[in-house]
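Subject: Structure for your review

Dear colleague,

Please find below the structure that I am handing over to you. My findings follow it.

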Amino acid sequence: MVNVLDNQKKNASVALPPVIPQHIGIIMDGNGRWAKARGLPRTQGHHRGKENLRQILESCVEFGVKVLTIYAFSTENWERPVGEVRVLMSILNLVLDQEVKRLHKNGVQVRHIGSMDGVDPRLQKKIMDACEHTRDNDRLVLNVAFNYGGRGEIVHAVRNIMRDGVAPEDVTEEMIGRYLYTGGQPDPDLIIRTGGEFRLSNFLLWQGSYAEYYSTPTFWPDFDKSALLEALWEFNRRRRRFGMIDEQIDGHQTGN
Ligand code: IPE
Ligand code: IPE
Ligand code: MG
């Protein structure tokens, strides 16, 4: 098995690995450093990051990924200089203006995960309209993690569980999962972080409990289709044990 994968990897720029994750999460990091390395303002990096999204999204549709979650703005990102926050907001605005038609044509269902607290009401409406417009699409679900934080998401879920009057003994892991923004979706199999850091930065804390993590030094604006394929090949080399031992997995191995 390992040899087959190694051989196939030689063609990584063209070939698809055998197992495609159902759900991929991407921490799109490194825009600022990408710009700095070129003597450009950080905001230019964000604009290039926006441009890069299209090819990654289209590749995911092409590869048969069912859910893609992109980390666009964390609840902690409000701490950045106001000017940068403004640019990040305007970029989401632009994406919604420019891309929703194409996303819809590609069968993409747009969903927002995160909070609307502090978000300009006009942007809130645009986000809700995009979700509404694409709600019946089922080729790929695109979760836009915008004004998102994993801890805040769990707090939000717990509050709603309490509001619904659920008795403590009835609270289960499955129930908490259902009350999260991603309720009803499969957990991420693979979480990619560009920009070289090895941390979660509050991304999909609950859902990522058994995700395979992949960090690449490549900055987000440079993370192209072949870089995505490389991550998928690495995912195929991982052995997901879910707490078991190899012999048990070999008994009901499905390919990865
Ligand atoms: C990721 O790039 C974009 C957002 C966090 C919104 P950064 O802006 O964090 O870029 P670096 O990490 O400073 O290079
Ligand atoms: C994570 O990147 C958030 C997004 C990509 C939207 P950050 O750049 O905010 O993460 P830290 O601050 O380096 O942990
Ligand atoms: Mg960063």
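Is Leu204 buried or exposed? With a relative accessible area of 0%, Leu204 is buried. Please note before reading further that this is a predicted model.

Leu204 merits a second remark, on its backbone. The residue sits in the loop between strand 5 (190-193) and strand 6 (212-215), and its phi is positive, at about 45°, although it is not a glycine. Most residues other than glycine have a negative phi. Phe242 also has a positive phi without being a glycine, in this case of about 50°. Phe242 belongs to the loop between helix 8 and helix 9 (246-251). Its relative accessible area is 43%, so Phe242 counts as partly exposed.

Overall architecture

The chain contains 9 helices and 6 strands. Its radius of gyration is 19 Å, close to the 18 Å that the globule rule gives for 256 residues, so the chain is as compact as a globular protein of that length. Along the principal axes, the C-alpha trace spans about 55 × 55 × 35 Å. Of the 256 residues, 46% count as buried. The accessible surface comes to about 13,600 Å², and carbon and sulfur atoms account for 51% of it.

As for contacts between residues at least 6 apart in sequence, 77% join residues that are at least 24 apart. The chain carries 33 positive and 33 negative charges, and the mean positions of these two sets are 7 Å apart.

Helix 8

Helix 8 covers residues 225-237, which makes 13 residues. From its first C-alpha to its last it reaches 19 Å, close to the 18 Å expected at 1.5 Å a residue. Its buried residues are Ala227, Leu228, Leu229, Ala231, Leu232, Trp233, Phe235 and Asn236.

Leu103 and Thr134

Leu103 is part of helix 4 (residues 82-105). Its relative accessibility is 10%, and because buried means under 20%, Leu103 counts as buried. Beyond its neighbours within four places in sequence, Leu103 is in contact with Leu57, Val108, Val110 and Leu142. Leu103 and Leu140 are 37 residues apart along the chain, and their C-alpha atoms are separated by 9.5 Å.

Thr134 lies in the loop between helix 5 (121-133) and strand 4 (140-148). A relative accessible area of 0% makes Thr134 buried. With neighbours within four places in sequence again left aside, Thr134 is in contact with Val100, His104, Val108, Gln109 and Val110. Val108 and Val110 are thus among the contacts of Leu103 and also among those of Thr134.

Two aspartates in loops

Asp164 is located in the loop between helix 6 (150-163) and helix 7 (173-179). Its relative accessible area is 51%, and since exposed means over 50%, Asp164 counts as exposed. The C-alpha atoms of Asp164 and His46 are separated by 40 Å, with the two positions 118 residues apart along the chain.

Asp120 is found in the loop between strand 3 (108-113) and helix 5. Asp120 is partly exposed, at a relative accessible area of 32%. Its C-alpha atom is separated by 23 Å from that of Gly45, which is 75 residues apart from Asp120 along the chain.

With kind regards

How values were computed. Residues numbered from 1 in each chain as written. Chains lettered and ligands numbered in written order. Predicted model: local features only at pLDDT ≥ 70, side-chain atom pairs only at ≥ 80, totals over all residues. Heavy atoms only, no water. Helix = DSSP H or I, 4+ residues; strand = E, 2+ residues; numbered from the N terminus. Rg over C-alpha atoms; globule rule 2.2 N^0.38 Å. Buried < 20%, exposed > 50% of the residue type's maximum accessible area, 1.4 Å probe, protein only. Contact = heavy atoms within 4.5 Å. Areas by Shrake-Rupley, 256 points an atom, 1.4 Å probe, with all protein chains shown as cover. Lys, Arg positive; Asp, Glu negative; His and termini not counted. Charge placed at Lys NZ, Arg CZ, Asp CG, Glu CD. Expected span 1.5 Å × (residues − 1).
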